[in-house]
Amino acid sequence: MNGASPIADEHFRDELSNVDKKGKRLWVFPKKPKGDFYNYRTWFSWFLMALMFSGPFLKFEGKPLLLLNVLERKFIVFGMVFWPQDLNLFAILMLSFVLFIVLFTVLFGRVWCGWACPQTIFMEMLFRKIEYFIDGDYMQQKKLANQEWNTEKITKRGIKHTLFWILSFVIANTFLGYIIGIDQLKLLVQDGPLSHLGKFSSLLIFTTVFYFVFAHLRELVCIFICPYGRLQGLMLDKNSMVVAYDFVRGEPRGKIKKEVQADKGDCIDCKLCVQVCPTGIDIRNGTQLECINCTACIDACDEVMVKIEKPKGLIRFASINNITQGTKLGLNLRNGAYTVVLLGLLSVFFYMLITRKQIETTLLRTPGMLYQTQADGKISNLYSIEFVNKTFDELPLELKLVEPKGEIKLIDGADILVHKESVGKTSFFLLRDASEITKIATPVVIEVWSNGKLIETMKSSFNGPVLKQTN
Ligand code: SF4
Ligand code: SF4
């Protein structure tokens, strides 16, 4: 869906607003935004940033609230440890997340990008604010960029990029806190970088990447790199709510003249909406891939409308059908189908989460071995058993043979103790009287108990020579 106004020249879709005819990047100098939406966005961003920066320090029952240790493949969410064995849960959660994003985008466009994406929040609320503070508003920024390298420019650039780098270092540390946990991070700081050269080098690499993204790449991330942004064209339709210019009301645009012009629309072609845009586009051309729904143009245009005594909302959150036909946001067949599938996936996810086992056991009869005859004439099979302890406690485990009649003998004779958050393995013989064996393969049922509680019931089979025939 292009959502372009019928009067718009579609030629603009052939070129990018921030690239010149020779393919050279044109630096975007957005005018400092102000207005109601910007204020809401600022408050919301501070809330999200407070959450994000404090996240690694937050604990739940002594454990991190959120730990995403991809290096050791261990994840903690609200005190629950997830292991690679929980991949099925993770897959369903990811599917639900993707579907949620699709559904949300179909209904509300790219609101995530402008209001909640860490890239936009850091860029607009931290880095851009530092830039406005040091370099001034967009006109001063342009002037500074074009002037020769004198003391003023060197000083300003030096201070700005030093601050950018420090901020990138803080962000990289925060992300590292989510990966290795705050306790590990504190150790890293206490011991000094030389004691953890590998981790420190990774930290510097991440810092440099963040610095490069926020100091240089900027809107290019949203336009070219982010796959979500690239998929917008597939997800939006004429009922999607996006930041849109009401071309019915605004056109034909034209400068304000003293004499009343009955045929003129409300747009006075002041271009303020273009000047504030952080991706450098003209929203009056219609919905575009580059628009991150930051709402800066809504604020700018509302201010103009107030000044010229016209109703606010020439640029507003609206769908194309809302602008052309006055239809309201509603559920259509596609949205309804997405919602049903999403609810189904979430139900499966929560069911699996609730019924998820804290200890997972895998029982295997040792491959390649049939049976052994012991010195006392008993027939034995060798099994190996693996326990994944997902809890934060050490667990003593006990194996009880339910069927067939026989005896379990642990190889090392010791009790089974599985350390917290770890994987334990042991092997055992299942011994049976030869006279009891009536089948080549007899089903085996073994229960795993811990502290008087049944943890899991395992099934396998017992191989043996058939010495006694059944009737
Ligand atoms: S067009 Fe408006 S909402 Fe879209 S990115 Fe530009 S300023 Fe933000
Ligand atoms: S800010 Fe509003 S009035 Fe000014 S050019 Fe943009 S749409 Fe037209």
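In this predicted model, the domain assignment divides the chain into domain 1, made of residues 1–146 and 218–356, and domain 2, made of residues 359–463. The centres of the two domains, taken over C-alpha atoms, are 56 Å apart. Contact between them involves four residues of domain 1 and five residues of domain 2. On the domain 1 side, the touching residues comprise two nonpolar, one polar and one charged.

The two ligands make a good next stop. Around ligand 1 there are 14 residues, and those that come nearest are Cys277, Ile283, Cys291, Cys294 and Cys297. Sorted by class, this shell holds eleven nonpolar residues, three polar ones and no charged ones. Ligand 2 is surrounded by 15 residues, with Cys267, Cys270, Leu272, Cys273 and Cys301 the closest. Two elements, α13 (272–275) and α14 (296–307), each give two or more residues to the shell of ligand 2. Helix α14 supplies the largest share, namely three residues. The class count for the ligand 2 shell is eleven nonpolar, one polar and three charged.

Helix α14 also takes part in a helix pair. Two packed helices are described by the angle between their axes and the distance between the axes. For α1 (residues 36–54) and α14, the axes come within 7 Å and cross at roughly 145°. The residues that meet are Asp36, Phe37 and Tyr38 from α1 and Ala296, Ile298 and Asp299 from α14. By class, this contact contains four nonpolar residues, two charged residues and no polar residues.

Just ahead of this helix, the loop between α13 and α14 holds Thr295. Although Thr295 is not a glycine, its phi is positive, at about 75°. Is Thr295 buried or exposed? Thr295 counts as buried because 24 other C-beta atoms lie within 10 Å, where the cut-off for a buried residue is 20 or more.

Elsewhere among the helices, Glu131 belongs to α4 (residues 118–135). Glu131 is buried too, since 23 other C-beta atoms are found within 10 Å. The C-alpha atom of Glu131 is separated by 9.8 Å from that of Leu163, a residue 32 positions away along the chain. Helix α7 (residues 182–191) gives another picture: of its ten residues the number buried is one, so this helix lies largely in the open. After α7 comes Gly192, with a positive phi near 90°.

Turning to the strands, an open antiparallel sheet is built from three of them in the order β3-β4-β5. Its edge strands, β3 (66–69) and β5 (80–82), each pair on one side only. From one strand to the next, the twist averages 20°. The antiparallel pairing of β3 with β4 (residues 74–77) rests on four bridges, and within it Leu67 has Ile76 of β4 as its bridge partner.

A second open sheet, also antiparallel, contains four strands in the order β13-β11-β15-β16. Here the edges are β13 (416–418) and β16, each of which pairs on one side only. The average twist in this four-stranded sheet is 35° from one strand to the next. Strand β11 (residues 395–403) pairs with β13 in the antiparallel sense through three bridges, with Pro396 bridged to Leu417 in β13.

At the other side of the strand order, β15 (residues 441–450) and β16 (residues 453–463) are joined by ten bridges and run antiparallel. Glu447 finds its bridge partner in Thr457 of β16. What separates the strands of this hairpin is a turn of two residues, in which Asn451 takes a positive phi near 45°. Asn451 is not a glycine either, and its place is in the loop between β15 and β16. Which side of the burial scale does Asn451 fall on, buried or exposed? Asn451 is exposed, because 10 other C-beta atoms lie within 10 Å and the limit for an exposed residue is 12 or fewer.

Finally, cis peptide bonds deserve a look. One joins Glu251 to Pro252, with omega about -5°; Pro252 sits in the loop between α12 (247–250) and α13. Another cis bond leads from Glu403 to Pro404, with omega near 0°, and Pro404 is placed in the loop between β11 and β12 (407–410).

Key
Residues are numbered from 1 along each chain as its sequence is written. Chains are lettered from A and ligands numbered from 1 in the order in which they are written. This is a predicted model: local features need pLDDT of at least 70, side-chain atom pairs count only at pLDDT 80 or more; totals for chains, interfaces and linings use all residues. A residue is near a molecule or strand if its C-beta atom, placed from the backbone, lies within 6 Å of it. Ala, Val, Leu, Ile, Met, Phe, Trp, Tyr, Cys and Pro count as nonpolar, Asp, Glu, Lys and Arg as charged, and the others, Gly among them, as polar. Axes are lines fitted to C-alpha atoms, for helices over the stretch in contact, and angles run from 0 to 180 degrees between N-to-C directions. Two residues are in contact if their C-beta atoms, placed from the backbone, lie within 7 Å. Two strands pair if DSSP finds at least two bridges between them. Domain bounds come from an automatic or database domain assignment.
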